[in-house]
Amino acid sequence: MVDLIDEPVDVSTHGVFNWILLLTIFSVITVIGNYIGYGHPLADSFIGMGILALITLIGVWLERKLPLDISSIIYISLIGIFIAFPGVPTSETVLYYVSKVELLSIVTVFLAYVGIGMGKSWDEFKALGWKAIIVTMLVIASTYFGSAIVAHIVLVMTGVPA
């Protein structure tokens, strides 16, 4: 499987195959969790994850293929925004199927993958010491509270009862 943390993957046929394999495994596990946890139909969830995986694959490919120094997350975000933007012909379809995939299902699988990756380099993590654990906890908590505050502000501004 692809080691996303240590070294970038090339755009060769082998590299693209590894990305497709990784995204397929990730998608299948997410769809199963999505079905068990939230009761979304398997077919709809699988199509939604397929859309997300395809956007991811295209974004990673663009990062490695284009001569610009732009992160793949920028490409992925721009593609996702464009194909879901109101008025674009793909908008309704993309929004319908992607809405069938719960964020928590994706995050659970992602965190499991990160946990496995950390388990491989546990000695390196221990070498960082207790201060790294505190910083990690503060970053996670700050991100959570910051997101909650922004979400609350947006809900109040749009008139949705919070």
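The protein contains seven helices and zero strands, and from the N terminus on its elements therefore read α-α-α-α-α-α-α, each helix being a DSSP run of at least four residues. The model is a predicted one. Of the 162 residues in the protein, 23% are buried, and the accessible surface comes to about 11400 Å², with 74% of that surface belonging to carbon and sulfur atoms. Among contacts between residues at least 6 apart in sequence, 54% join residues that are at least 24 apart.

**The largest nonpolar core**

- Nine residues make up the largest nonpolar core, namely Ile-51, Ile-55, Leu-62, Tyr-75, Ile-76, Ile-79, Ile-83, Ala-84 and Val-94.
- Helix 2 and helix 3 (72-84) each supply at least two residues of this core, and the largest share, five residues, comes from helix 3.
- In soluble globular proteins, nonpolar side chains tend to be buried together.
- Ala-84, which is one of the core residues, touches Ser-91, Val-94 and Leu-95 when residues up to four places away in sequence are not counted.

**Helix 2 against helix 4**

- Two packed helices are described by the angle between their axes and the distance between the axes.
- The axes of helix 2 (residues 42-65) and helix 4 (residues 91-98) come within 7 Å and cross at roughly 115°, and the crossing of these two helices is left-handed.
- On the side of helix 2 the contact is made by Asp-44, Ile-47, Gly-48, Ile-51 and Leu-52, and these meet Val-94, Tyr-96, Tyr-97 and Val-98 in helix 4.
- Sorted by class, the residues in this contact of helix 2 with helix 4 are seven nonpolar, one polar and one charged.
- Ile-51 and Val-94 take part in this helix contact, and Ile-51 and Val-94 are also listed in the largest nonpolar core.

**Buried residues of helix 2**

- Met-49 has its place in helix 2 and counts as buried because its relative accessible area, 4%, falls under the 20% cut-off.
- Beyond its neighbours up to four places away in sequence, Met-49 touches Phe-26, Ser-27, Thr-30, Val-31, Val-101 and Ile-106.
- The C-alpha atoms of Met-49 and Thr-30 are separated by 7.9 Å, although the two residues are 19 residues apart along the chain.
- Ser-45 also lies in helix 2, and with a relative accessible area of 0% it is buried.
- The contacts of Ser-45, again not counting residues up to four places away in sequence, are with Val-31, Asn-34, His-40, Lys-100 and Val-101.
- Val-31 and Val-101 are among the residues touched by Met-49, and Val-31 and Val-101 are also among those touched by Ser-45.

**Helix 5 and the loop before it**

- Ser-105 is found in helix 5 (residues 103-120) and is buried, since its relative accessible area is 6%.
- Leaving out residues up to four places away in sequence, Ser-105 touches Thr-30, Gly-33, Asn-34 and Tyr-38.
- Glu-102 is found in the loop between helix 4 and helix 5 and, at 27% relative accessibility, counts as partly exposed because that value lies between the 20% and 50% limits.
- Apart from its neighbours within four places in sequence, Glu-102 is in contact with Asn-34, Tyr-38 and His-40.
- Glu-102 and Val-31 are 71 residues apart along the chain, and their C-alpha atoms are separated by 9.2 Å.
- Asn-34 and Tyr-38 appear among the contacts of Ser-105 and also among the contacts of Glu-102.

Key. Residues are numbered from 1 along each chain as its sequence is written. This is a predicted model: local features need pLDDT of at least 70, side-chain atom pairs count only at pLDDT 80 or more; totals for chains, interfaces and linings use all residues. Side-chain values use heavy atoms; hydrogens and water are left out. Axes are lines fitted to C-alpha atoms, for helices over the stretch in contact, and angles run from 0 to 180 degrees between N-to-C directions. A crossing is left-handed if the near helix is turned anticlockwise from the far one by less than a right angle, and right-handed if clockwise. Contact means heavy atoms within 4.5 Å. Ala, Val, Leu, Ile, Met, Phe, Trp, Tyr, Cys and Pro count as nonpolar, Asp, Glu, Lys and Arg as charged, and the others, Gly among them, as polar. Buried means under 20% relative accessible area, exposed over 50%, partly exposed in between (1.4 Å probe, protein chains only). Accessible areas come from the Shrake-Rupley method with a 1.4 Å probe; for residues, only the protein chains shown count as cover. A nonpolar core is a set of buried Ala, Val, Leu, Ile, Met, Phe, Trp, Tyr and Cys residues joined through side-chain atoms within 4.5 Å.
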